Amino acid sequence: MKNKGQSDVVVWSTDNRVLMQANALTQAKNDLSRDQQRVLVMCLDNIARGGWPKDGVFRIDHEEYMKVFDIGDQESREDILRALKGFRGKELTLYETWDDIEEPVARDMVWVTSRWTSEKRGIYQIKLNSDLREFMEPLAHDHQFTVYRLSQISKTPSKYSMRLLQALSQFRDTGIFAIRLDTLRNRWTLPDSYEKFSLLKSRVLEPAMRDVRKIPEFSNLTMETRTEKTTGKITSVLFQFNPFTHDRHK
């Protein structure tokens with residue numbers, strides 16, 4: 001009954017539920033699918049409500065998932081099952097700054113150490129790598145962090161629009177997010193075909209921007225390009241939107 005009660009809370013308060021993750025996690029290199037990112041969002045929401053589970057095991061409630069992402073029961077079950085199966089062998093790369101080394105140090109780690117699934121009984125559970133805890137509880141570990149609402153991330157329908165929303169949210173106070181294209185391609189693990197900017201723009205950036213603009217805080221989102229003077233090659237992009245803050249009481 002406790003899990004059911006928690007699900008009810010999420011259904012009626014997604015507009016007010018604030019999620020946090022360390023900037024290092026926002027900037028990490030990963031190739032998670034949309035469904036896997038959604039599962040992690042549900043884990044972040046569980047942390048926001050009750051902290052990291054003592055055993056590190058997160059139960060993914062398919063009914064809660066269904067209501068948060070506004071999809072049907074069967075689709076919810078299929079999304080979660082596909083996501084959990086796909087976590088096998090998946091890694092992310094975090095980039096750390098060490099005092100005695102000039103360039104960032106790459107730190108690779110797995111996302112998940114155990115998975116439990118039973119479609120018949122509706123059991124979907126994952127045990128996250130405990131090394132992730134500090135990055136999913138940034139306040140408790142004194143990390144700089146990214147903040148966004150469950151209601152915002154639930155409206156992003158693709159893995160790229162989810163990554164863009166999180167990246168923009170890191171700079172919600174300034175409304176300016178600039179990134180080199182080679183860095184973006186690396187973080188989002190884009191295929192080599194997207195080396196051509198016209199393809200990257202038409203298939204990744206513009207669709208992601210259209211999705212994110214549907215969120216009120218980012219309705220005026222724009223993008224500019226920056227070129228290298230000697231070659232004229234586009235090397236970076238600059239996103240701008242009206243700065244805002246999250247008020248927990250609204």
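In this predicted model, the search for enclosed space returns one cavity of 30 Å³ or more. Rolling a probe the size of a water molecule over the atoms is what shows where empty space is left. The volume of the largest cavity comes to about 170 Å³. A total of 14 residues line this largest cavity, and those closest to its centre are Q21, L25, L40, W111 and Q166.

A helpful way to get to know the cavity is to ask which elements build its wall. Three elements give two or more residues to the lining of the largest cavity, namely α2 (23-26), α3 (34-50) and α8 (159-169). Of the elements, α3 gives the most, with four residues in the lining. Sorted by class, the lining of the largest cavity holds eight nonpolar residues, five polar residues and one charged residue.

Two of these elements, α3 and α8, also pack against each other, which leads to the helix pairs. Two packed helices are described by the angle between their axes and the distance between the axes. For α3 and α8, the axes come within 8 Å and cross at roughly 45°. An angle of this kind is neither roughly parallel nor roughly perpendicular, and α3 and α8 are therefore oblique to each other. Their crossing is left-handed. On the α3 side, the contact is made by R34, Q37, R38 and V41, while α8 brings K159, M162, R163 and Q166. By class, the contact of α3 with α8 has four charged residues, alongside two nonpolar and two polar ones. Readers may recognise Q166 here, as this residue is also among those closest to the centre of the largest cavity.

The helix α8 has a further partner in α10, which spans residues 197-213. Here the two helices pack at an angle of about 70°, and their axes lie 8 Å apart. Because of that angle, α8 is roughly perpendicular to α10. The crossing of α8 and α10 is right-handed, whereas that of α3 and α8 is left-handed. From α8, the residues Y160, S161, L164, L165 and L168 take part, and they meet V204, A208, M209, D211 and V212 in α10. The residues of this contact divide into eight nonpolar, one polar and one charged.

Taken together, α8 links the parts of this account: α8 gives two or more residues to the lining of the largest cavity, has a contact with α3 through residues including M162 and R163, and meets α10 through residues including L164 and L165.

Notes:
Residues are numbered from 1 along each chain as its sequence is written. This is a predicted model: local features need pLDDT of at least 70, side-chain atom pairs count only at pLDDT 80 or more; totals for chains, interfaces and linings use all residues. Side-chain values use heavy atoms; hydrogens and water are left out. On a 1 Å grid over the protein atoms alone, a cavity is a set of points where a 1.4 Å probe fits but cannot get out, and a pocket is an open set with protein on both sides within 12 Å along at least five of seven lines; lining residues have an atom within 4 Å of a point. Grid points are joined across faces, edges and corners, and a volume is the space filled by probe spheres set on the points. Ala, Val, Leu, Ile, Met, Phe, Trp, Tyr, Cys and Pro count as nonpolar, Asp, Glu, Lys and Arg as charged, and the others, Gly among them, as polar. Axes are lines fitted to C-alpha atoms, for helices over the stretch in contact, and angles run from 0 to 180 degrees between N-to-C directions. Angles under 35 degrees count as roughly parallel, over 145 as roughly antiparallel, 65 to 115 as roughly perpendicular and the rest as oblique. A crossing is left-handed if the near helix is turned anticlockwise from the far one by less than a right angle, and right-handed if clockwise. Contact means heavy atoms within 4.5 Å.
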